[in-house]
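Here's a short tour for anyone meeting this structure for the first time. Have a look at it below, then read on.

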Amino acid sequence: MAPLSARQPAVPSWLADAVLYQIYPQSFADSNGDGIGDLPGVTARLDHLAALGVTALWLSPCFSSEFGDAGYDVADYLTIAPRYGSNQDLVELVRAAGEHGIRVLLDLVPGHTSHRHPWFRHAAQDPTDDRYIWSERITAPVHEWIPNQGRRGGFYRANFYPIQPALNFGYARPDPAEPWRSPVDAPGPRANRAALREVMAHWFDLGVAGFRVDMAASLVKDDPGHLETAKLWGEMRGWLDREYPDRVLIAEWGDPARSVPAGLHADFFLHFAGRGLRSLWDNGTGSQGSWAHGEPCYFDPEGDGSMAEFLTAWRSAEAAIEGRGLVALPTANHDFSRLACGPRTREQLACAFAFLLTWPGLPVIYYGDEIGMRYVPGLPDKEGSQFGTEARQGSRTPMQWDQGPGAGFSGAAPADFYLPLDPDPQRPDVAAQRLDPDSPLGHVQRLIRLRRDTPELGTGCAVTALSDGYPFAYLRGERHLVVVNPRRAPAELALPQLAGRVAEPLLVHGVTAEGAAVRARGFSYGVFRL
């Protein structure tokens, strides 16, 4: 097969070389004993991230909020929510993280605010304020239009929950039946674009390295092909390149082929957008939504999956990106099931990380996945975590630091924890795995170190897939071979490319490469220099 990528991404070098770590702040580390994680707790645990090899961390929303949707209902973009600490605590986290060689990214929610945001409180009273989307009558499905309780009357358009009024970035197309549609250059949309720049500049000036942009594709409404939304982000990128050239925007869009050419530095493969990511991880258990496909995934013990869908999606994205940015590959996130879910056990996770950390994407580790924390089923709804049929709370449980009370997460009574701890008596923890080189944590540390020390395994070197079944084998550049077998049964692959070449093991767990073939035990991986 031909190489899939051979260009250095046009992004700041620190992002091209990054290992990104997502922290759900309310579940990571509690410093004050109230049962909810906070920013000083993150600061106190930076040694773990540094030892792991993480170079950037992304905090899920930590701004002032009523927490009807776990912070994605922002009431003040310029103030840290008191339960997490203060703005000064964020400044201290940025400073301390920098001493560990770690950059800090925040979560930007540009498409909507809380209904308690001052912008909305004003707009609900003033019919001349067009910062949000208003109609005198319901013109769409009822769940999108919420009766206004303010003096203005009418209805406002909401994104997701009724408490999240949609900010007005305009409509790409007029409709005579809906005269309230604003064009993208109307005063309200212009004011909102200016406000986004002001919010980002505020945090950039305090040392924040960038933002993960929530639902980046959702801004301009009725936008076929997201053309106007892409123009908006292109405008933002131009401003960023002029004013803050070392800062980055990473999209939650799910379509790198469109978002990266528009100007965003990177975009995620996501579970709800196409099957590229689902074909890797989604085994039909854990949090399942309308996007679930019911087909086997590749990282499954029975070995019924294929890498073909992922490779097709990757080739399509890389062809469109043309070296201008990165595709981010997450292990999981706050909306999607953890790696250790259903039939996929912790012993298989090393294979998943071997792939993630030797593929030329931007690797994103969801907190706790490095130790094999599991998706916990059957938990109560918490701050909007039960979204329809999607039980997202199972991926949001407290970080497991040690075997002491509260797993080292908090000194509060367990009843006061943000979410219950995993009740499994065999639940993994950081302290125990630090002592076990064969633990998931040990494998992840070695793989990150290998990626750091071997530039050919990073984002700037070509990848050539040599198979799409079991084992999955690929070349990085001309001299590095990676073999991954995440199924229980052994696997063997003939590789004529190896004939007459010596395969020097760099990091091997159950794989041999001899003659013109590779042989892999179940749940194995190997990285070789040819």
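## Around Ser114

Let's start with Ser114, and set aside residues up to four places away in sequence. What does Ser114 touch? Its contacts are Glu66, Asp73, Val74, Ala75, Phe120, Ile163 and Pro165. Keep in mind that you're looking at a predicted model.

Ser114 sits in the loop between E5 and H5. Is Ser114 buried or exposed? Its relative accessibility is 0%, so Ser114 counts as buried. Its side chain also has a polar atom 2.9 Å from the backbone nitrogen of Arg116.

## Arg116 and Glu66

Arg116 has a partner of its own: a salt bridge links Arg116 to Glu66, with 3.5 Å between the closest N and O atoms. Arg116 is in the loop between strand E5 (103-108) and helix H5 (118-123), while Glu66 is in the loop between strand E3 (63-65) and strand E4 (74-80), so this pair ties together parts that are 50 residues apart in sequence. Glu66 turns up twice in this story, since Glu66 is also on the list of residues that Ser114 touches.

How accessible are the two partners? Arg116 has a relative accessibility of 44%, which makes it partly exposed. Glu66 is partly exposed too, with a relative accessible area of 25%.

## More salt bridges

How many salt bridges does a search of the whole structure find? The count is 28. As background, side chains of opposite charge can pair when their charged atoms come close.

One of these salt bridges joins Arg95 and Glu99, whose closest N and O atoms are 2.5 Å apart. Both residues belong to helix H4 (residues 87-99), and because they are four residues apart, about one helical turn separates them. Arg95 is partly exposed at 41% relative accessible area, whereas Glu99, at 60%, counts as exposed.

Another salt bridge pairs Arg193 with Glu235, and here the closest N and O atoms are 3.4 Å apart. Arg193 lies in helix H6 (residues 187-204) and Glu235 in helix H7 (residues 227-243), so the pair ties together parts that are 42 residues apart in sequence. Arg193 is buried, with a relative accessible area of 13%, but Glu235 is partly exposed at 34%. Elsewhere, Asp69, Asp335, Arg392 and Arg396 form one network through salt bridges that share partners.

## Helix H10, side by side

Now for a helix. Helix H10 (residues 308-321) has 14 residues, which at 1.5 Å a residue should span 20 Å, and its end C-alpha atoms are indeed 20 Å apart.

Which residues of H10 are buried? They are Phe310, Leu311, Trp314, Ala317, Glu318 and Ile321. These residues cover an arc of only 130 degrees around the axis, so they're on the same side of H10. In general, an α-helix has 3.6 residues a turn, so residues three or four places apart point the same way. Thr312 and Ala319, on the other side of H10, are exposed.

What covers the buried residues of H10? The cover includes four helices and strands worth finding in the viewer, among them helix H8 (256-262), helix H11 (349-356), strand E12 (326-330) and strand E17 (472-476). Right after H10 comes Glu322, and its phi is positive, near 55 degrees.

Definitions and conventions: Residues numbered from 1 in each chain as written. Predicted model: local features only at pLDDT ≥ 70, side-chain atom pairs only at ≥ 80, totals over all residues. Heavy atoms only, no water. Salt bridge = Lys/Arg side-chain N within 4 Å of Asp/Glu carboxyl O. Helix = DSSP H or I, 4+ residues; strand = E, 2+ residues; numbered from the N terminus. Buried < 20%, exposed > 50% of the residue type's maximum accessible area, 1.4 Å probe, protein only. Polar contact = N/O pair within 3.5 Å; in protein donor to acceptor, adjacent residues only side chain to side chain. Contact = heavy atoms within 4.5 Å. Expected span 1.5 Å × (residues − 1). Arc of directions from axis to C-beta.
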